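Please report on this model from its side-chain pairs outward. Keep it brief, and give the cut-offs along the way.

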Amino acid sequence: MERLEVVAETRRAVMSLARRLRAERPAGALSSTKVSVLGRLYRHGPSTPTQIAAAEHQQPQSLTRVFAELESEGLIARRPSERDRRASVLELTGAGRELLMRDMAARDRWLAAAMERLNETEIQVIGLAARLLAALADDRRPATGPRPGGPSDGRLAEKERLA
């Protein structure tokens with residue numbers, strides 16, 4: 001399989017899995033943006049709004065309302081930064097951690113059940129792929145050259161019309 005075919009196949013699989021995992025979220029769950037902010041704070045600890053926005057590939061102003069709602073719901077707490085008193089630091093509260101755990105558990109149950117039919121080698125391959133995909137998602141380098149599916153890449157663009 002050519003590299004661009006692998007790119008397209010990977011993107012389709014990741015998007016399909018993401019849609020399915022969203023569908024498995026509990027009724028009345030928080031928005032995906034709110035869950036993403038809580039998850040970021042869970043994985044990386046207290047962070048400034050600017051750090052969270054950069055990690056989420058958003059402008060800080062775009063998340064102002066999300067931060068305010070999470071804070072008013074008692075899911076995050078805001079405190080002044082020790083380094084810069086003009087800045088604030090957001091941190092996950094116990095209630096935020098508990099809600100995040102429940103949200104993740106529902107999706108993890110579905111994924112665990114779906115993976116039951118895989119053998120041990122396939123499970124290990126999925127684990128390796130997950131780590132590689134996470135590293136790709138965290139890569140902050142800008143894309144260079146023609147983007148797959150862009151106007152200069154007719155091969156993939158044609159395949160995309162068929163996908």
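Arginine 20 is partly exposed because its relative accessibility is 38%, and partly exposed means between the limits for buried (under 20% relative accessible area) and exposed (over 50%), with a 1.4 Å probe and protein chains only. Arginine 20 forms a salt bridge with glutamate 24, their closest N and O atoms being 3.1 Å apart. A salt bridge here is a side-chain nitrogen of Lys or Arg within 4 Å of a carboxyl oxygen of Asp or Glu. Glutamate 24 is also partly exposed, at 24% relative accessible area.

This is a predicted model: local features need pLDDT of at least 70, side-chain atom pairs count only at pLDDT 80 or more, and totals for chains, interfaces and linings use all residues. Residues are numbered from 1 along each chain as its sequence is written, and side-chain values use heavy atoms, with hydrogens and water left out.

How many salt bridges does the rule give? The count is 10. Three of them are tabulated here.

| Pair | Closest N to O distance |
|---|---|
| Arginine 20 and glutamate 24 | 3.1 Å |
| Arginine 78 and glutamate 71 | 3.1 Å |
| Arginine 102 and glutamate 98 | 3.1 Å |

Arginine 78 is partly exposed, with a relative accessible area of 36%. Its partner glutamate 71 is partly exposed too, at 32%. Arginine 102 and glutamate 98 both sit in helix H5 (residues 94–115), 4 residues apart, about one turn of the helix. Arginine 102 counts as partly exposed because its relative accessibility is 49%. Salt bridges that share partners also join Lys34, Arg65, Glu69 and Glu73 into one network. Side chains of opposite charge can pair when their charged atoms come close.

Next, the fold. The chain holds 7 helices and 2 strands. Both are DSSP runs, numbered from the N terminus: helices are H or I with at least four residues, strands are E with at least two. Along the sequence the pattern reads α-α-α-α-β-β-α-α-α. Of the 163 residues, 23% count as buried.

Two loop residues deserve a look. Arginine 25 lies in the loop between helix H1 (3–23) and helix H2 (32–44). Is arginine 25 buried or exposed? Arginine 25 counts as buried, because its relative accessibility is 17%. Its C-alpha atom is separated by 7.9 Å from that of methionine 104, although the two residues are 79 apart along the chain. Histidine 57 lies in the loop between helix H3 (49–55) and helix H4 (60–72). Histidine 57 has a positive phi of about 60°, yet is not a glycine. At 59% relative accessibility, histidine 57 counts as exposed.

On the surface, Val14, Leu133 and Leu136 form a nonpolar patch, with about 260 Å² of accessible area together. Patch residues have over 30% relative accessible area and no salt bridge; like charges are joined within 9 Å, and nonpolar side chains (Val, Leu, Ile, Met, Phe, Trp, Tyr) within 5 Å. Accessible areas come from the Shrake-Rupley method with a 1.4 Å probe; for residues, only the protein chains shown count as cover. Leucine 133 belongs to helix H6 (residues 120–138) and is partly exposed at 35% relative accessibility.
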